[in-house]
Amino acid sequence: MKKTLLFVCLLMLCNLSLFSQTSGTSPLVVHTTEKSAIHVPPQEAPAGLKIIHTNLGRKGDLYNYSAVQGWELAGPNSVGGITEFIAMPFTPKSDSHVSQVQVAIQYAGSGANQVNLSIYGDSSGAPGTLLAGPVTVTNLPEAGTCCLLAVATFTPVAVTAGTQYWVAGDTPLTGPGSDLIGQWNWVAKDIGQWAANYGDTGWYQFPDDALPAGEVLGTIP
């Protein structure tokens with residue numbers, strides 16, 4: 001069965017309640033073909049930062065990036081007018097301070113080449129309170145290539161072992177960047193909960209085998 005999901009609406013900067021998505025939707029997956037067989041190494045992490053969370057693969061093949069391998073990420077002024085924001089969950093194994101995220105978001109060739117990345121706390125299994133960001137990341141790698149990442153650096157944010165947090169990708173509601181169409185590539189064999197925001201009614205969980213790909217870096221005391 002084809003993967004289906006529709007992400008529409010405003011990213012709230014407050015606690016949002018979990019709800020069940022029951023509306024029938026059309027698939028909104030970016031259809032991309034491989035543009036280069038040459039894999040460019042990902043950006044190096046700053047010295048001193050350690051991996052707090054990752055679902056990326058080995059360096060030569062970090063994520064699925066070719067045909068039909070990413071969830072669409074789109075601003076409210078994008079072609080088609082459908083807003084889609086996506087969030088990747090992470091749970092630290094140790095008390096840590098998050099300083100950087102590196103995620104597999106790419107530019108799909110329409111609108112401004114930029115995305116906002118933020119860190120959220122958890123609210124009933126979905127993004128809740130804004131903890132850091134948004135940080136605007138420009139010059140995203142081109143869809144269909146591997147393996148450069150979208151990188152955002154934050155003032156260190158304290159996170160607690162065993163507690164779920166979220167890295168969210170979105171756009172401004174108006175102005176530069178609100179017309180982006182991008183894609184957040186997935187790691188197809190990972191299974192777990194991630195989140196979407198549908199119909200301006202809040203974030204909800206979505207169980208799937210196509211988690212958004214990325215990693216969270218920082219210091220671990």
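**Entry 1: N139.** I looked up N139 and found this residue in the loop between β8 and β9. The model is predicted, and I read every entry below with that in mind. Phi of N139 is near 55°, a positive value in a residue that is not glycine. I noted this because most residues other than glycine have a negative phi. I then asked whether N139 is buried or exposed. Its relative accessibility is 66%, and the cut-off for exposed is over 50%, so N139 counts as exposed.

**Entry 2: S124.** I next turned to S124, which lies in the loop between β7 (114-123) and β8. Here too I recorded a positive phi in a residue other than glycine, near 55°. The relative accessible area of S124 is 54%, so I entered this residue as exposed.

**Entry 3: peptide bonds.** I then looked for cis peptide bonds, because most peptide bonds are trans. One cis bond joins G133 and P134, with omega at about 5°. I located P134 in strand β8, which covers residues 126-138. Another cis bond joins C146 and C147, and its omega is about 15°. Where does C147 lie? I placed C147 in the loop between β8 and β9 (150-159).

**Entry 4: S118.** I looked up S118 in strand β7. Is this residue buried or exposed? S118 has a relative accessible area of 2%, and buried means under 20%, so I recorded S118 as buried. I then listed its contacts, leaving aside neighbours within four places in sequence. S118 is in contact with L130, A132, G133 and P134, and also with F154, W166, V167 and A168. I noted that G133 and P134, among these contacts, are the residues joined by a cis peptide bond in the previous entry.

**Entry 5: aromatic pairs.** How many aromatic pairs does a search of the whole structure find? I recorded two. In the pair of W71 and W186, the ring centres are 4.8 Å apart and the planes stand at 55°, so I entered the pair as tilted. The reasoning rests on the cut-offs: planes under 30 degrees apart count as stacked and over 60 as edge-to-face, so the rest are tilted. W71 lies in strand β3 (residues 70-74) and W186 in strand β11 (residues 181-187), so the pair ties together parts that are 115 residues apart in sequence. I also checked accessibility, and both W71 and W186 are buried.

Notes:
Residues are numbered from 1 along each chain as its sequence is written. This is a predicted model: local features need pLDDT of at least 70, side-chain atom pairs count only at pLDDT 80 or more; totals for chains, interfaces and linings use all residues. Side-chain values use heavy atoms; hydrogens and water are left out. Helices (H or I, at least four residues) and strands (E, at least two) are DSSP runs, numbered from the N terminus. Buried means under 20% relative accessible area, exposed over 50%, partly exposed in between (1.4 Å probe, protein chains only). Contact means heavy atoms within 4.5 Å. Rings of Phe, Tyr and Trp (its six-membered ring) pair if their centres lie within 6.5 Å; planes under 30 degrees apart count as stacked, over 60 as edge-to-face and the rest as tilted.
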